[in-house]
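Got your viewer open and a selection tool handy? Load the model below and we'll walk through it stop by stop.

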Amino acid sequence: MALREGETRLPFDPADRADASLTFIGHIRSDWGPGTAPKNVRQARETSQGARVELLEGYGAALTGLDVGQAVQLLYWVDRGERDLATQSPKHADGPRGTFSLRSPVRPNPIALATVVITLLDGHTIGIDAIDAWDGTPVLDIKPWIATVDVPPGWQP
């Protein structure tokens with residue numbers, strides 16, 4: 001992909017430095033694909049009719065204790081994204097920014113995080129209120145969102 005003004009690439013391919021093993025636990029099912037996905041979950045909530053996570057066989061029991069209406073953090077692998085930009089020039093910013101200062105899916109380890117609300121629990125399927133990921137995106141993990149843990153003390157947005 002062509003670089004925008006101010007963008008720089010890493011001098012190596014991060015995938016060549018892989019030192020961990022991951023297991024995908026399922027896949028996101030959404031209406032999104034190349035050129036149609038919203039920029040973030042906020043935009044997805046404004047335009048989406050929801051989405052779902054389909055867990056692979058054997059993971060259904062791991063949903064025990066989750067409830068419809070509960071917020072969870074969904075970690076997913078942006079498997080079709082670039083991995084080699086050190087700085088990026090997003091259209092919404094006034095200049096180049098380091099990859100680690102952005103929520104862009106272009107990163108050395110293409111792990112994305114979204115806090116979503118469960119709308120359905122049915123066997124190995126989890127309905128969620130919205131997502132910005134393309135259909136078929138692999139899911140790495142699901143964690144409950146807990147205000148007393150996930151909001152820093154005294155935090156005021």
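A bit of vocabulary before the hairpin: two strands count as paired if DSSP finds at least two bridges between them. One more thing to keep in mind is that this is a predicted model.

Now select β7 and β8. They form a hairpin with two residues between them. Click on Gly 123 in that turn and you'll find a positive phi of about 65°. The pairing here is antiparallel, over four bridges. To follow one of these, pick Leu 121, whose bridge partner in β8 is Ile 126.

Stay on β8, residues 125–128, and bring up β3, residues 51–55. These two also pair in the antiparallel sense, over four bridges. Ala 51 is a good place to click, with Ile 128 as its bridge partner in β8.

Next, show the side chains of β8. In a regular strand they alternate between the two faces of the sheet. Which residues of β8 lie on each side? Thr 125 and Gly 127 are on one, Ile 126 and Ile 128 on the other, and all are buried, so both faces of the strand are covered.

Move on to Thr 99, in the loop between β6 (97–98) and β7 (111–122). Is Thr 99 buried or exposed? Its relative accessibility is 3%, so Thr 99 counts as buried. Turn on its neighbours: Thr 99 touches, among others, Leu 85, Ala 86, Val 106 and Pro 108. Gln 88 is on that list too, and a polar contact of 3.0 Å joins the side chains of Thr 99 and Gln 88.

Last stop: select Arg 17 and Phe 12. The charged end of Arg 17 sits over the Phe 12 ring, 3.5 Å from its centre. Don't go hunting for aromatic pairs, though: the structure holds zero.

How values were computed: Residues are numbered from 1 along each chain as its sequence is written. This is a predicted model: local features need pLDDT of at least 70, side-chain atom pairs count only at pLDDT 80 or more; totals for chains, interfaces and linings use all residues. Side-chain values use heavy atoms; hydrogens and water are left out. Rings of Phe, Tyr and Trp (its six-membered ring) pair if their centres lie within 6.5 Å; planes under 30 degrees apart count as stacked, over 60 as edge-to-face and the rest as tilted. A charge sits over a ring if NZ of Lys or CZ of Arg is within 6 Å of the ring centre and within 35 degrees of the ring normal. Buried means under 20% relative accessible area, exposed over 50%, partly exposed in between (1.4 Å probe, protein chains only). A polar contact is a pair of N or O atoms within 3.5 Å; within protein, one must be able to donate a hydrogen and the other to accept it, and residues adjacent in sequence count only if both atoms are side-chain atoms. Contact means heavy atoms within 4.5 Å. Lists of a residue's contacts leave out its neighbours within four places in sequence.
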